[in-house]
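Let's walk through this model together, starting with the overall fold and then stopping at a handful of residues. Keep the 3D view open as you read.

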Amino acid sequence: MAWLTRFLTAVAFFAVGVIFSPETFGSKSDDSISPILSTSIKLAHLLCFATAWGTALWVTFIGGILMFKYLPRHQFGNLQSKMFPAYFSMVGVCCAVSAAAFGYMHPWKSATTTEKYQLGFLVSAFAFNLINLFVFTPMTIEMMKHRHKVEREENIGNEIGGLKNHEVPKKNPKLAAMNKKFGMIHGLSSLINLMCFGVLAMHTWYLAGKLSL
């Protein structure tokens with residue numbers, strides 16, 4: 001995890017530098033940038049944003065729900081504990097690159113109000129993923145492992161789908177407390193993920209308005 005932290009820190013500082021001081025990296029205005037460089041930056045923005053949007057859409061509304069429905073609960077949790085750090089890392093990097101590219105093409109000093117809002121949406125999406133990656137995901141995984149241990153002692157956790165034994169927590173105060181705390185942490189993580197999806201959705205509307213079909 002240490003290498004990932006250093007990498008994301010470097011990406012974050014680079015993105016912030018490009019956003020708030022694009023002239024340092026040669027940005028002046030869209031007209032003064034060479035066509036090849038302009039197209040390359042726009043392509044980077046589009047590909048990274050599309051990757052972030054598509055991944056968030058799949059994981060949040062399709063993949064995660066299907067896995068929850070058809071996998072044994074403990075198996076589902078163990079898979080999520082490996083998948084979500086990678087998910088938040090990839091979407092975070094894509095949002096950072098997308099924000100940096102957008103900020104390069106639309107320097108803050110000369111950007112319109114709409115462009116500043118869009119840049120804010122992209123930066124917010126990056127921040128939401130960092131919060132989930134470094135705050136809520138480690139807390140959720142740790143709590144999940146403790147809960148799995150207690151559930152194995154009670155011979156539950158291998159049910160398929162969302163069905164779970166509601167009687168055991170009533171007899172086991174420790175497990176009941178764990179369920180409550182896990183639900184709170186997981187709920188906050190899910191809320192932040194939905195907020196990230198929401199601000200990315202706002203940018204899709206902006207990009208759609210720029211299309212000429």
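A good place to begin is alanine 52, which touches Val91, Cys94, Cys95 and Leu200, leaving aside residues up to four places away in sequence. Before following those contacts, please bear in mind that this is a predicted model.

Now step back to the whole chain. The protein has six helices and zero strands, so its elements, read from the N terminus, run α-α-α-α-α-α by the way helices and strands are assigned here. Of its 213 residues, 43% are buried. The contacts reach far along the chain: among those with a separation of 6 or more, 83% join residues 24 or more positions apart. On the outside, the accessible surface comes to about 12200 Å², and 69% of that belongs to carbon and sulfur atoms.

The UniProt record adds some annotation to this picture. In an unreviewed entry, it lists residues 50-72, 84-105, 117-137 and 188-208 under "transmembrane region". You can set two of those stretches against the model. Residues 50-72 are 91% helix and 0% strand, with the end C-alpha atoms 32 Å apart. Residues 84-105 are 100% helix and 0% strand, and there the end C-alpha atoms are 31 Å apart.

Back to the interior. Which residues have the most contacts inside the largest nonpolar core? They are Ala52, Tyr87, Cys95, Ala125 and Leu200, in a core of 28 residues. Helices α2 (35-70), α3 (73-105), α4 and α6 (173-210) each supply at least two residues of this core. There is also a second, separate core of eight residues, which includes Met144, Val150, Ile156 and Met178.

Leucine 200 is a handy residue for seeing how the parts meet. Leucine 200 is found in helix α6 and touches Phe49, Ala52, Trp53, Cys95 and Ala125, not counting residues up to four places away in sequence. Is leucine 200 buried or exposed? Leucine 200 counts as buried because its relative accessibility is 1%, and the cut-off for buried is under 20%. The C-alpha atoms of leucine 200 and serine 124 are separated by 9.1 Å, although the two residues are 76 residues apart along the chain.

Further along helix α6 you come to leucine 207. With a relative accessible area of 22%, leucine 207 is partly exposed. Leucine 207 touches His45 and Phe49, again not counting residues up to four places away in sequence. Leucine 207 and glutamine 118 are 89 residues apart in sequence, yet 9.8 Å apart in space from C-alpha to C-alpha.

From leucine 207 you can cross to histidine 45, which lies in helix α2. Histidine 45 is buried, with a relative accessible area of 9%. Beyond residues up to four places away in sequence, histidine 45 touches Ser98, Ala101, Phe102, Leu122, His203 and Leu207.

Now turn to helix α4, residues 113-153, where you will find threonine 137. Threonine 137 is buried, at a relative accessible area of 6%. The residues that threonine 137 touches include Pro85 and Phe88; Asn132 is another, with residues up to four places away in sequence not counted.

For a contrast, look at asparagine 155, in the loop between α4 and α5 (167-171). Asparagine 155 counts as exposed because its relative accessibility is 71%, and exposed means over 50%. The backbone deserves a look here too: asparagine 155 has a positive phi of about 60 degrees although it is not a glycine.

Last on the route is the largest pocket, which has a volume of about 790 Å³. Its lining has 30 residues, and Phe76, Gln80, Phe84, His186 and Ser190 lie nearest its centre. The elements that give two or more residues to this lining are α2, α3, α4 and α6. Which element gives the largest share of the lining? That is α6, with eight residues.

Methods: Residues are numbered from 1 along each chain as its sequence is written. This is a predicted model: local features need pLDDT of at least 70, side-chain atom pairs count only at pLDDT 80 or more; totals for chains, interfaces and linings use all residues. Side-chain values use heavy atoms; hydrogens and water are left out. Helices (H or I, at least four residues) and strands (E, at least two) are DSSP runs, numbered from the N terminus. Buried means under 20% relative accessible area, exposed over 50%, partly exposed in between (1.4 Å probe, protein chains only). Contact means heavy atoms within 4.5 Å. A nonpolar core is a set of buried Ala, Val, Leu, Ile, Met, Phe, Trp, Tyr and Cys residues joined through side-chain atoms within 4.5 Å. UniProt positions are given in the numbering used here, feature names are shortened, and annotations may be inferred rather than shown by experiment. Accessible areas come from the Shrake-Rupley method with a 1.4 Å probe; for residues, only the protein chains shown count as cover. On a 1 Å grid over the protein atoms alone, a cavity is a set of points where a 1.4 Å probe fits but cannot get out, and a pocket is an open set with protein on both sides within 12 Å along at least five of seven lines; lining residues have an atom within 4 Å of a point. Grid points are joined across faces, edges and corners, and a volume is the space filled by probe spheres set on the points.
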